[in-house]
Amino acid sequence: MVSRRFVLGGVLAGLAAPVFAEGLAVSPRPLARPLSGGLPARSTPEAADLIAGAKLGGTIGYVVADARSGQILESVNPRDALPPASTAKAITALFALERLGPGHRFATRILTTGPIRGGVVEGDLILAGSGDPELDTDKLGDLAARLAATGIRQVRGDFLFHDGALPAVARISDDQPDHVGYNPAISGLNLNYNRVHFEWKRGQNGYGVAMDARGERFAPPVRLARMEVVRRESPLFTYRERSGAEEWTVASAALGKGGSRWLPVRNPGAYVAEVFQALARAQGIDLPEAKRAARLPQGAQVVAEWTSDPLSDVLRRMLRWSTNLTAEVVGLSSSGSGGLRASGGAMSDWVKSRLGATGRFVDHSGLGAESRISAEQMVQALVAAQATPAGRGLKPVLRDLGMRDGDGEAIESPVSVIGKTGTLNFVSSLVGYVQPPSGRELAFAIFCADPDRRDRIPMAQREQPEGGRAWTRRARRLQGQLIARWAGLYA
């Protein structure tokens, strides 16, 4: 049984996501070639035996097809609609590449509404975002330095922030605990994947705690998010919003001597503005307390700007680290819809009309467990996408999953597998392409899911449910074994 102390103390600062993209548990090295007449060699395991050996329960659905023609070569439960988890991000990448283009960049701008005289803005100064999902404290500090380079030192009017480029979303999914950092809010201004860094250390008179917007070069303290250590065993965290502040409590029994973790922010626009105010002050710029601007005033002048990397690079990191905020931002930006569920519906419609595949997406990250697509339809999308410019841009941003032996160690192999993994509690999925050095390329989708078991998990245990890790290891091993089988039989 994993203790609460381990759960809390073991999660340190980093790019937290529901699950990082994983390599295959078993190397898809080529097996013995089929015998003449198309019969498999004796060393090729039967799919039914592999599935039975995994002991997963629930439903396993998979399809492997010729990537060029779409001819299905092998399948099990191909039409059962199952949760795609983070493999939905592969569809989101296609959607964004077509709607926004691989060169699209997100911009965070500083604007002024009046003339600048002697370093003083005779009007308002506005921090405006377009949704950049990768903006962090260090980049925001560089934007403050660019503002300081203009000579601006003071503002006569208001300091405003505009986060309305995207709809305000308090959380991606409602079926996750309040404290998990992979379920943040979304807005037109985002920072540190909309998470705040919580650090604690036990002293002689109790615990000292700090809430800050930690970067590599800057770590300004944050007033918006507050933490109180409470003498109790459970719950681990409580959360409430009051008078514009995000108030947390944490159980003292879980803290040990010290540690840190990231917590989600629910009002990211105000969070970004507060952190920018502190960074600007360090540059000698005196800004008043921030206020939200309902809209951008006409005629405002851009005086400083930070732009993101091109979308193709952003998507490559999204698929590598499975960052949910990135998926939701690029999906919402691509659809132009006024809410997350509507935007997921717009992507569902696009997949059907553009790629001929049907599925139901309630978001763009796959975190919402109501999303459903069958293995057959996912493979249909992967095959059809190759004939589109967006699809040709997908393979370069998919992750090379690498070849690994039964112990999980990387090995050399002539076969390459590129794709996207996905994991929720008692849901494990893998989609992509098997690319041999010569011969037939394969497109595949493997969905393993036990939604009933997932739904029975109490909310307090959903971050790390009993039996979840062992189930996921078995599912990943099965996925690797299936790919090894296909590489030997079909590639």
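Does Ser243 count as buried or exposed?

## The hairpin of β12 and β13

In this predicted model, Ser243 counts as exposed, with a relative accessibility of 78%, which places this residue above the 50% cut-off for that class. Ser243 sits in the loop between β12 and β13, and its phi is positive, at about 55°, although the residue is not a glycine.

The two strands on either side of that loop, β12 (residues 237-242) and β13 (residues 245-251), pair in the antiparallel sense over six bridges, and the hairpin they form has two residues between the strands. Within this pairing, Tyr239 stands opposite Trp248 in β13.

## Backbone features in other loops

Ahead of β12, in the loop that joins β11 (225-230) to β12, lies Pro235, and the peptide bond leading from Ser234 to Pro235 is cis, with omega near 0°.

A positive phi of about 55° is also found at Asn194, which is likewise not a glycine and which belongs to the loop between β8 (159-162) and β9 (195-203). Asn194 is buried, its relative accessible area being 0%, whereas Ser243 is exposed.

## Helix α9

Helix α9, spanning residues 375-385, is mostly covered, since nine of its 11 residues are buried. The buried residues of α9 include Met378, Val379, Leu382 and Val383, and among them are also Glu376 and Gln377; Ala375, Ala381 and Ala385 complete the set. In an α-helix there are 3.6 residues a turn, so residues three or four places apart point the same way.

Methods
Residues are numbered from 1 along each chain as its sequence is written. This is a predicted model: local features need pLDDT of at least 70, side-chain atom pairs count only at pLDDT 80 or more; totals for chains, interfaces and linings use all residues. Side-chain values use heavy atoms; hydrogens and water are left out. Buried means under 20% relative accessible area, exposed over 50%, partly exposed in between (1.4 Å probe, protein chains only). Helices (H or I, at least four residues) and strands (E, at least two) are DSSP runs, numbered from the N terminus. Two strands pair if DSSP finds at least two bridges between them.
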